[in-house]
Amino acid sequence: MAGAGISTPSGIPDFRSPGSGLYSNLEQYDIPYPEAIFELGYFFANPKPFFTLAKELYPGNYRPNSAHYFLRLLHDKGLLLRLYTQNIDGLERVAGIPPDRLVEAHGTFATATCTVCQRNFPGEDFRGDVMGDRIPRCPVCTGVVKPDIIFFGEQLPQRFLLHLTDFPMADLLFVIGTSLEVEPFASLAGAVRSSVPRVLINRELVGPFAWQQRHNDVAQLGDVVGGVEKLVELLGWNDEMQTLIQKEKEK
Ligand SMILES: [Zn+2]
């Protein structure tokens, strides 16, 4: 399970809190409060603030860091059953983790859906519009096309239901860089069998690690990327990790 804590080291702005660079870009739109960017009612009245965010987060602006590449390494070794992420920056995909190994619980810019005829498109089809500050329109019905980011009140993606079979099957759970505050995502941490070790790599103790500890819980507190790198070293995966990062950089 991963959250914003693996993205901020890549420079992803914390778009929910005022004061970040992105938020000042949004000031020109007079949005009433930051959460309005993710409200459907507001989106249909004024989609521009959301697309300002989309322009910032569209694949290409940011690079994955060691935390993403550690997860990629787990996948390469056949150890990653699934990665459940709360992040919408798509850096898991950029790091080379195939979409079928991912549950992007809060959605993705990789695909988009027409708000009128519900047709689905690759997000890439609208890159030109998003980069050119134009509202993407459906090529079939001219309705506004919305990237598949989950807004407040919207259902989580169908793939989220994979947790029903994934978590009982897991034999190890990593919880990396998330405050475990947003439901139903947060409760997943309690869905692994009680014999399963849970490893938290995070700034501080959160969720069940703080208030419902199990005897086999492990916590590495402090800097998230530093914690992941420490684990990589203990695993003896340093060289593989460096080779992978170098290879990906060259792409
Ligand atoms: Zn349409």
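**Exercises on loops, a zinc site, a helix and a sheet**

Thr142 lies in the loop between helix H6 (127–131) and strand E5 (145–149); helices (H or I, at least four residues) and strands (E, at least two) are DSSP runs, numbered from the N terminus. The model is a predicted one, in which local features need pLDDT of at least 70 and side-chain atom pairs count only at pLDDT 80 or more, whereas totals for chains, interfaces and linings use all residues. Residues are numbered from 1 along each chain as its sequence is written, and side-chain values use heavy atoms, without hydrogens and water.

**Exercise 1. Unusual backbone geometry**

Determine the sign of phi at Thr142 and at Leu180, and state whether each residue is buried or exposed.

*Solution.*
1. Thr142 is not a glycine, yet its phi is positive, about 65°.
2. Thr142 is exposed, with a relative accessible area of 53%. Buried means under 20% relative accessible area, exposed over 50%, and partly exposed in between (1.4 Å probe, protein chains only).
3. Leu180, likewise a residue other than glycine, has a positive phi near 50°. Its relative accessibility of 8% places Leu180 among buried residues.
4. Leu180 belongs to the loop between E6 and E7. Pro184 is found in the loop between strand E6 (173–176) and strand E7 (198–202), and a cis peptide bond with omega of about 5° links Glu183 to Pro184.

**Exercise 2. The zinc site**

Identify which residues coordinate the zinc ion, and explain why the arrangement is tetrahedral.

*Solution.*
1. The SG atoms of Cys114, Cys117, Cys138 and Cys141 coordinate the zinc ion at 2.3 to 2.4 Å. Donors are N, O and S atoms within 2.8 Å of the metal (3.2 Å for Na, K and Ca); water is not among the atoms, so sites may look incomplete.
2. Along the chain, the donors follow the spacing C-x2-C-x20-C-x2-C.
3. The arrangement is tetrahedral because the four donor atoms subtend angles of 97 to 120° around the zinc ion; the criterion for four donors is that all angles lie between 85 and 135 degrees.
4. Among the donor residues, Cys138 is buried at 3% relative accessible area, while Cys141 is partly exposed at 27%.

**Exercise 3. The surroundings of helix H4**

Explain why helix H4 (residues 66–76) is described as largely enclosed by the rest of the structure.

*Solution.*
1. Nine of the 11 residues of H4 are buried, so the helix is largely enclosed.
2. The buried residues are Ser66, Ala67, His68, Tyr69, Phe70, Leu71, Arg72, Leu73 and Leu74.
3. These buried residues pack against strand E1 (83–85), helix H5 (91–94), E6, helix H9 (224–235) and helix H10 (238–250), where contact means heavy atoms within 4.5 Å.
4. Just after H4, Gly78 adopts a positive phi of about 75°.

**Exercise 4. The three-stranded sheet**

State in what order the strands of the open sheet lie, and which helix packs on the sheet.

*Solution.*
1. The three strands have the order E4-E3-E5, with antiparallel pairing; two strands pair if DSSP finds at least two bridges between them.
2. Strand E4 (120–122) and E5 are the edge strands, each pairing on one side only.
3. From one strand to the next, the twist averages 40°. Axes are lines fitted to C-alpha atoms, for helices over the stretch in contact, and angles run from 0 to 180 degrees between N-to-C directions.
4. Strand E3 (residues 107–114) and E5 run antiparallel and are joined by five bridges. Thr113 has Lys146 in E5 as its bridge partner.
5. Helix H3 (residues 48–57) packs on the sheet and touches E3 and E5; its direction makes about 60° with that of E5.

Technical notes:
Four donors count as tetrahedral if all angles lie between 85 and 135 degrees; four count as square planar and six as octahedral if opposite donors are over 155 degrees apart and all others between 65 and 115; anything else is irregular.
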